Amino acid sequence: MSNYKAIVAKVTETLPIQGADKIQVAKVLGETVIVSKDLEVGYVGILFLPGTQLSEDYCHHNNLYREKEKNLDQTKAGFFENTRRVRAQPFMKIKSDGYFAPLSSVDYTGFDSSTLKPGDSFEELDGVQVCKKYLNEKAVKEMKAQKNKPPKKKLAPFFREHVDTEQFKHNLHKINKGDLISIQSKRHGTSQRAGYMKIGLELPKWKQLINKLYPVFPVEKYDYLVGTRRVLLDTPTKEGFHGSEAYRFEIANQIFPYLSKGMQVYLEVVGWANGKPIMSPHSTKDLKDKAYTVKYGEQMIYKYGALEGTCKFHIYRISLTTEDGATVDYTQQQVVQWCKDRGFDPAFDIVEPFVYDGNQSALIELVDRLTERPEVLTEDYHDPSVISEGVIVRCDCGGLTPKFFKNKSYAFKVMEGIISEKEVDIEDVS
């Protein structure tokens, strides 16, 4: 499931808001949302998560724009700005973590909303857009520029991107009793890949012709590769969103000597690159809670112990790919040991890995407690000078590839939502 699709779900709990006559708190898929006081437990509606952008038509037909003239009924005003971005934000001192709407809100598409059932998810219905991932104008321009660049010369089909990291609370059905669970601290940085992988060679036409008669020229070889989350990098001189990508090659060169054929490592880079923070600083004032500003200061730079102007990295996944392209992963314990033996920093396990007993409520309670930690104002596990982004739940489930789920802290989501409307998230464009 995409993290930015509309999700059909039930209200599982309602709670009153002191001093509010028309609204209440509702729990939907473990998230806290503000809804009408008329809604009862069991009500089925549509949940939109933070980071989702509602379509123009959806906001227009449901009178959700703050500017009345943009709504179908121009006598009504909603609470969405022109960006139409769903954000985590406090509302009457209540933590709201999404937008919950009736099924009828998608009737404008022509789709029969009465056929929707809990568990369904979508970005469009009958070809009509309802929502998508939010990207600001800067990010859209950067992505278009990336697409217009010439294709890579190296052919590296086995140099694979990291698997999708899905929302933890909305994918509990994918975690089975008996699975091995690891819970790691999530650091706010940029993803990178490094590997010693098989690549295809582009031969001149005369060699191709000879190979058709008698295959004497090799058509593939193993080579050391560097990549961002999505892009294979050809050279350190390549320019990325942060300028020169040379820092990624400097990191990869530390890892290359330890790689065997078909080995690929996935890592997170934090700190600085090319003289500026890798991730945009956050303002604690956006939290509207003085306690956070007192503890962390007005501006938060996610450095995690890196000296100013430098960067650090940790490795969170290692895979091996065979000659014919089959991939198998190291377990979390093997990743940790491999890193320790070579002096690298592995993903940090907050608790000892454990076998899941099938108790969903207990697992949710544990993950939420490790994510939020209100007693220390959501302090990061690595760097107490910044807020924790959240946690990663890794699930080794008997298959060849583990599953990864994320649970971001509420405080981080509030700040991330506000800064994303101004700055570009490097993960969106790299």
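This report covers one pocket and one threonine in a predicted model.

## The second largest pocket

The second largest pocket has a volume of about 950 Å³. Its lining comprises 32 residues. Closest to the pocket centre are Ile34, Leu64, Phe79, Phe80 and Tyr99.

By class, the lining of this pocket divides into 16 nonpolar, 9 polar and 7 charged residues.

## Strands in the lining

Three strands each supply at least two residues of the lining: E3 (31–36), E6 (89–91) and E8 (99–102). Strand E8 gives the most, with 4 residues.

## Threonine 327: place and burial

Threonine 327 sits in strand E25, which spans residues 327–329. Is threonine 327 buried or exposed? The relative accessible area of threonine 327 is 18%. Buried means under 20%, so threonine 327 counts as buried.

## Threonine 327: contacts

Two polar contacts involve the side chain of threonine 327. One joins the side chain of threonine 327 to that of arginine 160, at 2.5 Å. Another, at 3.0 Å, joins the side chains of threonine 327 and threonine 321.

Which residues does threonine 327 contact, leaving aside neighbours within four places in sequence? They are Arg160, Ser319, Leu320, Thr321 and Leu400. Among them, Arg160 makes the 2.5 Å side-chain polar contact with threonine 327, and Thr321 makes the 3.0 Å one.

Definitions and conventions
Residues numbered from 1 in each chain as written. Predicted model: local features only at pLDDT ≥ 70, side-chain atom pairs only at ≥ 80, totals over all residues. Heavy atoms only, no water. 1 Å grid on protein atoms, 1.4 Å probe; cavity = no way out; pocket = protein on both sides within 12 Å on 5 of 7 lines; lining within 4 Å. Points joined across faces, edges and corners; volume = space filled by probe spheres on them. Nonpolar A, V, L, I, M, F, W, Y, C, P; charged D, E, K, R; others polar. Buried < 20%, exposed > 50% of the residue type's maximum accessible area, 1.4 Å probe, protein only. Polar contact = N/O pair within 3.5 Å; in protein donor to acceptor, adjacent residues only side chain to side chain. Contact = heavy atoms within 4.5 Å.
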